[in-house]
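Subject: Structure for you to look at

Hello,

Here is the structure I promised to pass on. Please open it next to this email and follow along.

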Amino acid sequence: MATRQNAPFGACMNIALFAVVVGATVPAQLPAQRCAGGASTRRIVAIAGGFAAVQTGVILARHNDWWPTPTTSFHFTSGGSPSKSQDVLLHGAIAYQVSQLGALAWDWACISPTAAAWLGAALGIAVGLPKEIGDGLHEDKGFSTDDFGASVVGALLPALHRTFPTTRALALKVNYWPSAEFRNRANGLPQLENDYAGQRYFLTISPGRVPGGAGAWPDWLGLALGHSVPQWASLPPVHEWYVALDLNLRGLPIRTDWWQGLATLLDQIHFPMPGVRVSGGEVEVGLF
């Protein structure tokens, strides 16, 4: 049995990255009194225009990296190695985050909370479509039904949280620390987005997030099931599975006005907690 030592450092990196997100998203949480008079057409146009501008900019910046192969007729693909599984989870996690931020944006546009949640889900689904359509038109790629399916699931979960409060017990969380492959990469591979060995994805359950609480179960404690891989690409395939405790910061007994907003942002991260990792029949105990 062994303990991986770099996980706490990865958590620190996650905190630093999310400090940027805090600054970007807090302005979207505007007081309710600013919404007197119904939906704001000007803000709706701003959201749609901003989304289109970001999508266009990213495609222009990454076009050569994403689609180096010749064009071909539109086709689909599915399946793959564990690193492909990590790519599927990455798509789901991105859609999950965009869905949440999209809902906040539609709140800012004075859309009703439930409608804002489902419009946010639509943005979460739409964010990955241009890339998938481009893949579908290029050789050695293809429109991935797995990636798109994960995007749909990830985007819908935040909308379900608002519509059906009992689903708030479930969440998707991430943890990232650059892998040795990424730090020592040759020929530019792996890139940040496909540094699969450095990415961990967790499905968490926090009983305390259910309306009414969970009785004697602490509101701040949950459980997490995670997945990663030891290399960004490997044959034969190798999976890494995690079962660990999970920290739910929103469940801590802190009552200041600013805490819940900050805790909501930080709760997108799975911070290292005691657990086990299972890979190839071997079990490791540590902080995961």
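Let me begin with the strands. S6 (residues 240-247) pairs with strand S7 (residues 274-279) in the antiparallel sense, over four bridges. Look for Trp-241, which stands opposite Val-278 in S7. S6 also pairs with strand S5 (residues 221-228), again in the antiparallel sense, and here there are eight bridges. One residue to find is Ser-228, whose bridge partner in S6 is Glu-240.

Please keep in mind that this is a predicted model.

Now the overall picture. The chain has 288 residues, and 39% of them are buried. It holds eight helices and eight strands. Take the contacts with a separation of 6 or more: 69% of them join residues 24 or more positions apart.

Next, the helices. Two packed helices are described by the angle between their axes and the distance between the axes. I looked at H3 with two partners.

The first partner is H4. Helix H3 covers residues 82-108 and helix H4 covers residues 113-126. They pack at an angle of about 140 degrees, with axes 7 Å apart. That angle makes H3 oblique to H4. Their crossing is right-handed. On the H3 side the contact includes Ala-95, Val-98, Ser-99 and Trp-106. On the H4 side it includes Pro-113, Leu-119, Gly-120 and Leu-123. By class, the residues of this contact are 10 nonpolar, four polar and one charged.

The second partner is H6 (145-163). The axes of H3 and H6 come within 7 Å and cross at roughly 35 degrees. This crossing is right-handed. From H3, the residues that meet H6 include Lys-84, Asp-87, His-91, Tyr-96 and Leu-104. Among those they meet in H6 are Asp-146, Asp-147, Leu-157, His-161 and Arg-162. The contact of H3 with H6 has nine nonpolar, seven polar and six charged residues.

Which residues are buried in helix H5 (residues 129-136)? They are Glu-132, Gly-134, Asp-135 and Gly-136. And what do the buried residues of H5 pack against? Their neighbours are helix H2 (41-66), H3, strand S2 (143-144) and H6.

A good place to start is H3. Turn the view to H4 for the oblique packing, then to H6 for the crossing at roughly 35 degrees.

Best wishes

Definitions and conventions. Residues are numbered from 1 along each chain as its sequence is written. This is a predicted model: local features need pLDDT of at least 70, side-chain atom pairs count only at pLDDT 80 or more; totals for chains, interfaces and linings use all residues. Side-chain values use heavy atoms; hydrogens and water are left out. Axes are lines fitted to C-alpha atoms, for helices over the stretch in contact, and angles run from 0 to 180 degrees between N-to-C directions. Helices (H or I, at least four residues) and strands (E, at least two) are DSSP runs, numbered from the N terminus. Angles under 35 degrees count as roughly parallel, over 145 as roughly antiparallel, 65 to 115 as roughly perpendicular and the rest as oblique. A crossing is left-handed if the near helix is turned anticlockwise from the far one by less than a right angle, and right-handed if clockwise. Contact means heavy atoms within 4.5 Å. Ala, Val, Leu, Ile, Met, Phe, Trp, Tyr, Cys and Pro count as nonpolar, Asp, Glu, Lys and Arg as charged, and the others, Gly among them, as polar. Two strands pair if DSSP finds at least two bridges between them. Buried means under 20% relative accessible area, exposed over 50%, partly exposed in between (1.4 Å probe, protein chains only).
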